[in-house]
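The following paragraphs walk through one protein chain, from its interior contacts to its surface. Please keep the sequence and the model side by side while reading.

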Amino acid sequence: IRDSTKADQIGMLATVMNCIYVSEIFRYVGMKTAVLTPFECGNMTKLFSKDRANKYFAHDMVVFFAGGTGHPYFSTDTTTVLRAIEIEAETILLAKAVDGVYDSDPKKNPEAKKFDHLEYLEVIQKNLGVMDSTAISLCMDNDIPIVVFNIDRPGNIAKVAAGEEIGTVVGGL
């Protein structure tokens, strides 16, 4: 067993706990939610299947995908794109602690340049750290744009969900 397998498992469980927590916040404000995982995880989640996810979407539920793929070696980035492909998502909305993608860390470099739009290959070639290269490649192969936006700004989730142009767009929209 490789050393990071335990870390992978802890990371998978951490995403489950985070999704349950955020799901409960959504429920508190009156939204219907479901948390889907790739492994049995008690009665607060259900096993992922495309059919189950689509059933929940048909009932106007917010669906959280937690726990990665359930296998080591696959990042949460790659899992996000895999689930997006499976449910035929049009766009991936990637919430971060910064307002988009920069050519360097804006917290360390006040001269960092923000990009409004990037192509998938630019992200890989410039090693911009939006997502890992496998995830970016899957987005490129399946023509799924990524919108990177700041989660810390009030109202940004509603803005990006409504199609308002904020942050950085990777790929075409």
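Met 12 is placed in helix H1, in a model that is predicted. Its relative accessibility is 11%, so Met 12 counts as buried, the cut-off for that class being under 20%. Setting aside the neighbours within four places in sequence, the residues in contact with Met 12 are Phe 39, Gly 67, Gly 70, His 71 and Pro 72. A different view of Met 12 comes from its separation from Lys 107: the two are 95 residues apart in sequence, and their C-alpha atoms are 28 Å apart in space.

Helix H1 runs over residues 4–28 and also holds Tyr 21. Is Tyr 21 buried or exposed? Its relative accessible area is 57%, so Tyr 21 is exposed, given that the exposed class begins over 50%. Together with Val 22 and Ile 25, Tyr 21 makes a nonpolar surface patch of about 280 Å².

Helix H1 contains a salt bridge as well. The side chains of Arg 27 and Glu 24 meet there at 3.8 Å, N to O, which is within the 4 Å limit for a salt bridge. These two residues are 3 positions apart in helix H1, so about one helical turn separates them. Both partners fall in the intermediate accessibility class: Arg 27 is partly exposed at 43%, and Glu 24 is partly exposed at 39%.

The next topic is the aromatic rings. How many aromatic pairs does a search of the whole structure find? The search finds 2. One of them joins Phe 26 and Phe 64 in an edge-to-face arrangement, with 5.4 Å from centre to centre and 80 degrees between the planes. This pair links distant parts of the chain, since Phe 26 belongs to helix H1 and Phe 64 to strand S3 (residues 62–65), with their positions 38 residues apart in sequence. The accessibilities of the two partners fall in separate classes: Phe 26 has a relative accessible area of 24% and is therefore partly exposed, whereas Phe 64, with 13%, is buried.

Phe 48 and Phe 65 also form an edge-to-face aromatic pair, with centres 5.8 Å apart and planes at 70 degrees to one another. Phe 48 lies in the loop between strand S2 (46–47) and helix H2 (50–58), while Phe 65 is in strand S3, so the pair ties together parts that are 17 residues apart in sequence. Phe 48 has a relative accessibility of 18% and therefore counts as buried; Phe 65 has 27% and therefore counts as partly exposed. The ring of Phe 48 has a further partner: the charged end of Arg 83 sits over that ring, 3.9 Å from its centre.

How many salt bridges does the structure hold? There are 6, among them the helix H1 bridge between Arg 27 and Glu 24 already described. In another, Glu 88 is paired with Lys 50, and the closest N and O atoms are 3.1 Å apart. Glu 88 lies in the loop between H3 and S4, and Lys 50 lies in helix H2, so this bridge ties together parts that are 38 residues apart in sequence. Lys 50 is partly exposed, with a relative accessible area of 33%, while Glu 88 counts as exposed at 61%. A further salt bridge is formed by Asp 116 and Lys 114, with 3.5 Å between the closest N and O atoms. Asp 116 is exposed, with a relative accessible area of 57%, and Lys 114 counts as partly exposed at 27%.

The backbone of Glu 88 deserves a separate look. Although Glu 88 is not a glycine, its phi is positive, at about 60 degrees. The loop that holds Glu 88 runs between helix H3 (76–86) and strand S4 (92–96). Asn 127 likewise has a positive phi, of about 50 degrees, without being a glycine. Its place is the loop between helix H4 (120–125) and helix H5 (133–142). With a relative accessible area of 68%, Asn 127 is exposed.

Methods
Residues are numbered from 1 along each chain as its sequence is written. Side-chain values use heavy atoms; hydrogens and water are left out. Patches are made of residues with over 30% relative accessible area and no salt bridge: like charges are joined within 9 Å, nonpolar side chains (Val, Leu, Ile, Met, Phe, Trp, Tyr) within 5 Å. Accessible areas come from the Shrake-Rupley method with a 1.4 Å probe; for residues, only the protein chains shown count as cover. Helices (H or I, at least four residues) and strands (E, at least two) are DSSP runs, numbered from the N terminus. Buried means under 20% relative accessible area, exposed over 50%, partly exposed in between (1.4 Å probe, protein chains only). Rings of Phe, Tyr and Trp (its six-membered ring) pair if their centres lie within 6.5 Å; planes under 30 degrees apart count as stacked, over 60 as edge-to-face and the rest as tilted. A charge sits over a ring if NZ of Lys or CZ of Arg is within 6 Å of the ring centre and within 35 degrees of the ring normal. Contact means heavy atoms within 4.5 Å.
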